[in-house]
Amino acid sequence: MRILCVAEKPSIAKAVSEHLAGGRVQVRNTQNKYIKNYCFDYDFGQGWGNCSVTMTAVLGHLTSTQFPPQYKDWKHPPPDRLFDAPVQTIIAEDKTDVAANIEQQAKYCQGLCIWTDCDREGEHIGHEICEAAKKGNSRLNIRRARFSNIERAHVLNAARNLVALDEKQVNAVSARIELDLRIGYAFTRFLSNNLKPMGEPLTSKVISYGSCQFPTLGFVVDRYFRVKNFKPEPFWSIKVMHKREGIDVHFAWARNRLFDRAAVIILYERCLSAKMAEVTKVQEKPTKKWKPLPLTTVELQKMATRFLRLTGQQAMTAAESLYNKGFISYPRTETDRFDKGMNLQALVQKQTPDNRWGQFAQDLLNGGFSQPRQGRNDDKAHPPIHPITYAAPSVLGEDEKKVYEFVVRRFLACCSEDAKGVATDIDIMYGEEAFHAHGVVVLERNYLDVYVYDKWTGTAQLPKFTVGERFEPFEAIMTDGKTTAPSYLTEADLIALMDANGIGTDATMAEHIQKIQDREYVSTVPRASRPADDGDDGGDPPARGARGGRGSRGGRGGASTTASRVGVMEFIPTKLGVALIEGFDRMNFETSLGKPFLRKEMELKMKAICEGRTTRQAVLNESIGQYRQVYNQSQEKLQVLKAACRQYLFENGVG
DNA sequence: GCAAGGTC
């Protein structure tokens with residue numbers, strides 16, 4: 001028997017060939033410079049038995065979907081005809097040589113084995129490969145290998161346990177492709193046709209709509225309005241200080257702060273009249289700062305935009321280049337747990353020559369090694385991003401150097417122990433009011449020594465207090481302050497929002513962010529340093545609980561405490577961006593195009609197809625009907641959208 | 001001139 005094996009990308013074809021062949025591989029070039037055919041013998045066991053195998057690859061999707069030529073003009077027929085126009089699936093222009101290789105090889109084979117990634121898109125790519133192969137040989141016996149990493153035993157196991165291609169997943173993706181095409185083209189033409197005649201700057205632009213780009217823009221506009229409409233609110237608090245053993249101890253108020261001055265005055269005066277405070281609890285217990293989780297694509301991008309002064313796209317370009325040179329593993333992954341079978345210490349070993357972290361790596365090998373934490377995500381296709389071989393700084397470009405250093409430090413941190421310390425908590429009652437002092441002393445830095453992006457400074461050692469003792473506080477004062485506005489979105493915030501709302505994939509998020517900049521819907525400016533809440537005195541850590549209080553939702557998650565460093569870019573919508581989102585919002589549809597719901601709905605429908613609860617055709621009918629309705633409503637209320645454009649673009653509406 | 005998803 002002759003068997004053709006096809007992977008989603010050349011690196012997988014190469015790795016799988018090496019495992020299956022056990023050393024004896026013939027490598028042949030193809031028409032495509034990235035793709036090689038690997039020829040070897042392999043025994044598939046009970047199914048196909050001993051076979052002569054050719055293993056090759058595609059480069060992602062083979063086909064592209066398009067409208068027939070009579071729909072080329074943007075105005076005739078009108079854009080809404082694209083909702084039911086026929087769509088054609090053709091071999092993509094730049095993939096003809098890839099498809100030809102598969103068609104040709106299939107002629108000599110009786111069996112086809114699909115080795116694409118184990119995700120929905122991979123299943124669809126598998127289907128595209130089948131169609132290309134059938135052109136060469138319509139009587140192929142088709143199977144699929146299910147594998148989630150390219151560790152040797154795992155790959156061999158997959159080859160002996162072949163399954164069928166999952167048509168449901170293929171159909172789910174095919175529905176996604178068709179909907180994105182129809183809706184994207186129809187609304188892009190609608191917006192451009194109707195808004196361009198309003199005059200510059202619209203006339204010379206393409207005003208596009210996409211199921212990912214618009215919600216991404218929506219996040220930026222939403223935050224912009226939250227900042228713009230923010231009203232600072234005054235608040236009051238009580239701060240208790242006490243000096244002992246030469247150390248100033250700050251007791252934070254358990255109520256944090258109140259927005260009622262009279263109430264605080266009353267509570268404050270009760271404290272003062274009590275005179276003595278009583279220690280109600282003293283607790284000293286071990287604490288730790290957890291080492292980071294294994295690295296995913298989304299996390300790489302967030303960290304790169306925060307700490308490496310790169311955009312998400314620059315980080316991805318550098319990571320892809322490092323991957324293609326063999327320095328790091330595949331950079332597009334959602335997986336944050338390492339497979340048990342991986343030899344991580346061998347990878348640590350490779351880093352010992354470096355003069356920045358080599359000693360740290362050596363120390364891990366000398367007993368400091370600790371198994372990485374296991375995150376909850378597994379895309380069943382790729383391991384977390386990790387270094388493969390050592391790359392000296394001299395062989396890397398500027399961006400590559402930064403990304404490689406980050407990937408290595410993150411990996412070594414994952415293989416280290418958590419940082420350890422001891423936390424001291426002291427609770428006091430001062431009259432009727434509770435106050436709290438918290439101190440941390442760092443004892444073992446461990447992973448922090450290599451992972452320079454995390455900080456854990458600790459505080460001064462707290463002096464000794466004893467439960468039941470009474471003392472007169474050194475100082476008790478009433479403080480006041482104002483809530484501060486949330487800040488504009490950073491790229492890390494935006495990526496986190498997209499991730500949480502299912503907008504785009506790890507491989508495309510950065511592209512969508514770039515797209516809304518290219519379309520001039522948003523722009524970026526360096527973050528100015530901004531003052532903290534007036535009420536938060538410097539020095540001591542702020543009381544626990546939400547900063548910002550009411551009126552300041554958003555903005556201030558734990559993440560932005562690091563992101564607020566100067567030099568990080570923040571995203572602000574342009575007048576056009578605001579006009580588009582506001583325009584659609586004011587049309588008041590039940591399904592607003594600027595919100596992330598629609599994409600989420602699409603995701604749920606794809607899942608339903610995969611689980612057999614609905615069909616591709618049912619989803620297409622339903623979704624196309626829904627969007628056609630939105631289109632018709634948009635046409636009826638076009639004046640609302642145009643008015644928003646006039647307001648923001650031509651009346652100096654926003655600055 | 002237009003989408004989003006793979007990958008190089």
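A residue counts as buried when its relative accessible area is under 20%. By that criterion, 50% of the 655 residues of chain A are buried in this predicted model. The chain contains 19 helices and 18 strands, and its C-alpha trace spans about 95 × 70 × 50 Å along the principal axes. Among the contacts in chain A with a separation of 6 or more, 79% come from residues 24 or more positions apart.

A good place to start a tour of the fold is an open sheet of 7 strands. Its order is E14-E11-E12-E13-E10-E9-E15, and the pairing is antiparallel. Strand E14 (470-471) and strand E15 (475-482) each have a single partner strand and stand at the edges, so one side of each lacks a neighbour in the sheet.

Within this sheet, strand E12 (residues 419-430) and E13 run antiparallel and are joined by 11 bridges. Together E12 and E13 make a hairpin with 2 residues between them. In the turn, Gly431 has a positive phi of about 65°. Moving away from the turn, Tyr430 stands opposite Glu433 in E13, and Ile428 stands opposite Phe435 in E13.

Strand E13 (residues 433-444) also pairs with strand E10 (residues 247-253), again in the antiparallel sense, over 2 bridges. Here Phe435 of E13 appears once more, as the bridge partner of Trp253. Phe435 can therefore be followed from Ile428 to Trp253, and pairings of this kind rest on a general principle: strands of a sheet pair through backbone hydrogen bonds, either parallel or antiparallel.

A helix accompanies the 7 strands. Helix H7 (residues 261-274) lies across strand E9 (234-244), E10, E12, E13 and E15. Relative to E15, helix H7 runs at about 170°.

The next stop is another open sheet, built from 3 strands in the order E16-E18-E17 with antiparallel pairing. Strand E16 (489-490) and strand E17 (522-526) stand at the edges, each with a single partner strand, and so each has one side without a neighbour in the sheet. Strand E18 (residues 569-573) is joined to E16 by 2 bridges, and these two strands run antiparallel. Leu489 has Phe571 in E18 as its bridge partner. Helix H6 packs on this sheet and touches E16, E17 and E18. The direction of H6 makes about 90° with that of E18.

Helix H6 has a helical partner as well. In general, two packed helices are described by the angle between their axes and the distance between the axes. Helix H6 (residues 213-228) packs with helix H13 (residues 491-501) at an angle of about 125°, and their axes are 10 Å apart. This angle makes H6 oblique to H13. The crossing in which H6 passes H13 is right-handed. On the H6 side, the contact is made by Thr216, Phe219 and Val220. On the H13 side, Leu494, Leu497, Met498 and Asn501 take part. Sorted by class, the contact of H6 with H13 has 5 nonpolar residues and 2 polar ones, with no charged residues. Helix H6 thus takes part in both settings described here, packing with H13 and touching the strands E16, E17 and E18.

How values were computed
Residues numbered from 1 in each chain as written. Chains lettered and ligands numbered in written order. Predicted model: local features only at pLDDT ≥ 70, side-chain atom pairs only at ≥ 80, totals over all residues. Heavy atoms only, no water. Axes fitted to C-alpha atoms, helices over the stretch in contact; angles between N-to-C directions. Helix = DSSP H or I, 4+ residues; strand = E, 2+ residues; numbered from the N terminus. Parallel < 35°, antiparallel > 145°, perpendicular 65-115°, else oblique. Left-handed = near helix turned anticlockwise from the far one by under 90°. Contact = heavy atoms within 4.5 Å. Nonpolar A, V, L, I, M, F, W, Y, C, P; charged D, E, K, R; others polar. Pairing = 2+ DSSP bridges. Buried < 20%, exposed > 50% of the residue type's maximum accessible area, 1.4 Å probe, protein only.
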